[in-house]
Structures are given as C-alpha cells and as structure tokens.
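Visitor: I would like to learn how to read the features of a structure, one at a time. Please show me the entry, and then we can start.

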Amino acid sequence: MDMKTFSKQLQSINQHLAQLDAIDDALIRAIENGLPLCSRPYAEIARQLGIDEQQVLARLAGLQQQGVIKRMGVIVRHRELGYRANAMLVWDVPDERVSELGRCLSQYDFITLCYRRPRVLPDWPYNLFCMIHGKSREDVLQRIDWLIEQCHLESLPHHVLFSRRRFKQRGAVYRADNMRHTQKRQEKHCAT
Amino acid sequence: MQLDQIDRQIINSLQEGFPVTEQPYAEVAERLSLSESELIARLERLLADRVLTRFGPMFQAEKLGGAFTLVAMSVRDDDFERVADIVNSFPEVAHNYEREHHFNMWFVVATDNPKRINDVLTEIELDSGYSCYNMPKQDEYFVKLKLVV
C-alpha cells in the first residue's frame, strides 16, 4: 500500500468536497437508487421529503451546478446492448504526456473511462487506464489500432486486458447506510 | 432482449441528460414524438429487463466525501474462486472482473469515507493472503458517457 499516494488523494478529496446541508443529503438519498417513474417525479420526491417541488428543482439544479451530480439520465449495461467484449486498455506514457493522450483517447464514444493512475513498479509499468467496449474481441482490437493511429501512440507500450468474467456490478454507493439497498431495483414508487 | 427503434432513441437521448423540470417525462416524450405514458412504460421495461442499470443521477463521488480506488490482485488459478468469494463478500467492493493477465482480478472499492479504503484493503489482504495493488485515480479525462445504440 502506498501511503503517500493515499494521503495525496485524501488531500485532494478534502479540497473538492461540496458544502451540503441536511436537505441536500436527504435529497441525494432519495434519488440515488433512481428517479420515480411517474409524471411529476420531483413532486413525488418532494412529497417523500416533506418539502415542495420548487425546492427540489432548485436544489437539484444547484447540485448539478456544483458538479455533485454529473448528469441525470440513463446508465446502460454495455453487455445487454450487444457490446459483449470489454477490455481495460493500459498505456505506459511519459508523465509529461499523460494529459494530452488522456484527452485524445477520451473523445471516442467507445472509451467509457479514462484515468491516470500510479504505476506500481516493478510489477506494473502502466499509468494511463481506459475502458474500451466493442461488439467482439476483434472489434476491440481494431478500435485500438484506430486509436493508435489517431492519437499517435505507435511508440508507447500498451496492454489489453480482456475481461473473462464479471462478478459484481452495482452503482457505487455514497452513504454507508444505503449499502444494504444496493441491489434493490428501481421501482415505481409514486403515490399518484 | 430485442430493442426496437424507439427503445434506441430513448436510450440515446437519455444518455445525454434528463430535464429537471416539473414534467420531465412529458418534455422528453414530446421531443421523441411519444406519449408520456409510453415513455414511462418503456423505461420501466428497459429497467426490468436490465438493459439499463439505473435511471437517475450520476454523482461525482469525491464531492460527497466518498472515495474510490481500483485494486489489482494476482491470484493463483486454483485459488481464484476462494479469493473471489472473499473479495465479493465486502459490500464496499463495487464491481469485480476476472481479466486475462498475470494480474487477473480487478475490483473497485467504493467507501463513504476515504480513510476506510485502507482498512478494507488490509482486511482483504488478511482474509485472502494476497497483496492488493492499490491504483487510485490521479486524474480523470472526461469521456462523453454516451454509447450510441
């Protein structure tokens, strides 16, 4: 375990922490498993929290503005949509070029994550990580060839780690007491 | 499951966002030339069939004080199932993949408190007898978050 990396991460987290009050907190809990599927979903949340609809709308807009909510919408399962092959694609990039290459890779819609992470030497030399999706293994490999050409990655060592099995997939949970509800399916919990 | 053209339109459109207004479904339905009730019914079905994992907000966990990290392990093939069971039993393990590499187990640990990450990794190491290679995010390059279907 690298304590230096960890304490740096901790520091950056504390700097970026949003200022949330008890109502924001309750609102986040109310929507984190999904929005109600009824005509006025925000009125339904308001009813559950005992506040009014306009307040819910204003607070959600605020949370989006602060970047606490990246966006609202659907989260797809790649596998069920025909993207059966996924791989973690990792690169060993000189430190001063990581941002440039990260930005280049992340513009393609079949790249769904692109992070810089620490190397763990000597066992793991790679410091730029992407998730890449394709219809098949060949499709993924072709897309990688395309990326190498587009982002001029010819000289950089890379490795493709195809997935064999997925054991667990759930959305991340941000409140400990919600942990046990994580497998809960979104329900139509509307009073009206 | 089979998706028709309307399902695809809904998925493509709602990956770009969902309005925060009084009647958001009606707004989206109008854009897609559907009725509000048909849009809601189709979303229910896509969720029930697990084409969609979730419909709602995507959070930036760090802003909420939560923490994530990616962890790699190199597990002996004949020991893989035992270790996978141990790792998967932790509620903080968000997902876990077996991958083709010397490092063959890759999982994400998500906690509501950054200090808890190290505790979880230490517990996993003690229970499994294998080292955790901790690879926390240092920088993020923003992706489109949209898969055209």
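Visitor: Where is Thr112(A) found?
Guide: In strand 3 of chain A, which covers residues 111-116. Keep in mind that this is a predicted model.

Visitor: Is Thr112(A) buried or exposed?
Guide: Compare the relative accessible area with the cut-off: under 20% counts as buried. Thr112(A) has 16%, so it is buried.

Visitor: Which side chain does Thr112(A) meet in a polar contact?
Guide: That of His133(A), at 2.9 Å. Then look at the wider surroundings. Leaving aside neighbours within four places in sequence, Thr112(A) is in contact with His78(A), Met131(A), His133(A) and Val143(B).

Visitor: Let me try the same reading on Asp24(A). Which element holds Asp24(A)?
Guide: Helix 2 of chain A. Asp24(A) has 8% relative accessibility, so it counts as buried.

Visitor: What does Asp24(A) touch?
Guide: Gln19(A), Arg59(A) and Leu63(A), once residues up to four places away in sequence are not counted. With Arg59(A) there is also a side-chain polar contact of 2.9 Å.

Visitor: Now charges. Why can charged side chains pair?
Guide: Opposite charges can pair when the charged atoms come close. Over all chains, this structure holds 24 salt bridges.

Visitor: Which side chain does Glu100(B) meet in a salt bridge?
Guide: Arg137(A), with an N to O distance of 2.6 Å. Next, place both ends. Glu100(B) lies in the loop between strand 3 (93-99) and strand 4 (105-111) of chain B, and Arg137(A) lies in helix 6 (residues 137-150) of chain A, so the pair joins two chains.

Visitor: How accessible are Glu100(B) and Arg137(A)?
Guide: Glu100(B) is partly exposed, at 28%. Arg137(A) is partly exposed too, at 37%.

Visitor: What about a pair within one helix? How far apart in sequence are Asp139(A) and Arg143(A)?
Guide: Four residues, in helix 6 of chain A, so about one helical turn separates them. Their side chains meet in a salt bridge of 3.0 Å, N to O. Asp139(A) counts as buried, at 16% relative accessibility. Arg143(A) counts as buried as well, at 18%.

Visitor: And which parts does the pair of Arg116(B) and Glu92(B) tie together?
Guide: Arg116(B) lies in helix 5 (residues 114-128) of chain B, and Glu92(B) in the loop between helix 4 (80-88) and strand 3 of chain B. The pair therefore ties together parts that are 24 residues apart in sequence. The salt bridge has an N to O distance of 2.8 Å. Arg116(B) is partly exposed, at 26%, whereas Glu92(B) is buried, at 10%.

Visitor: Which residues are linked in a network of salt bridges?
Guide: Asp4(B), Asp7(B), Glu38(B), Arg42(B) and Arg45(B).

Visitor: On to the nonpolar side. How many residues does the largest nonpolar core have?
Guide: It has 43 residues, and Leu43(B) and Phe55(B) have the most contacts inside it. Then ask which elements feed it. From chain A, helix 2 (22-31), helix 3 (41-49), helix 4 (53-65) and strand 1 (69-76) each supply at least two residues. From chain B, helix 1 (5-14), helix 2 (24-31), helix 3 (36-48) and strand 1 (52-59) do so. Helix 3 of chain B gives the largest share, five residues.

Visitor: What is Leu43(B) in contact with?
Guide: Beyond neighbours within four places in sequence, Leu43(B) is in contact with Leu37(A) and Val74(A) from chain A. From chain B come Ile10(B), Leu14(B), Tyr25(B), Leu52(B) and Phe55(B). Apart from this core lies another, of 27 residues, among them Cys130(A), Ile132(A), Cys151(A) and Leu156(A).

Visitor: Last, the interface. How much area do chain A and chain B bury between them?
Guide: About 8,800 Å², 60% of it on carbon and sulfur atoms. The contact takes 91 residues from chain A and 83 residues from chain B.

Visitor: How many salt bridges cross the interface of chain A and chain B?
Guide: The rule finds five. Polar contacts between the two chains come to 30 residue pairs, both residues at pLDDT 80 or more. On the side of chain A that touches chain B, strand 5 (residues 158-169) gives the largest share, eleven residues. By class, that side has 47 nonpolar, 22 polar and 22 charged residues.

Notes:
Residues numbered from 1 in each chain as written. Chains lettered and ligands numbered in written order. Predicted model: local features only at pLDDT ≥ 70, side-chain atom pairs only at ≥ 80, totals over all residues. Heavy atoms only, no water. Core = buried A, V, L, I, M, F, W, Y, C linked by side-chain atoms within 4.5 Å. Buried < 20%, exposed > 50% of the residue type's maximum accessible area, 1.4 Å probe, protein only. Contact = heavy atoms within 4.5 Å. Polar contact = N/O pair within 3.5 Å; in protein donor to acceptor, adjacent residues only side chain to side chain. Salt bridge = Lys/Arg side-chain N within 4 Å of Asp/Glu carboxyl O. Buried area = accessible area lost by both parts, 1.4 Å probe. Nonpolar A, V, L, I, M, F, W, Y, C, P; charged D, E, K, R; others polar.
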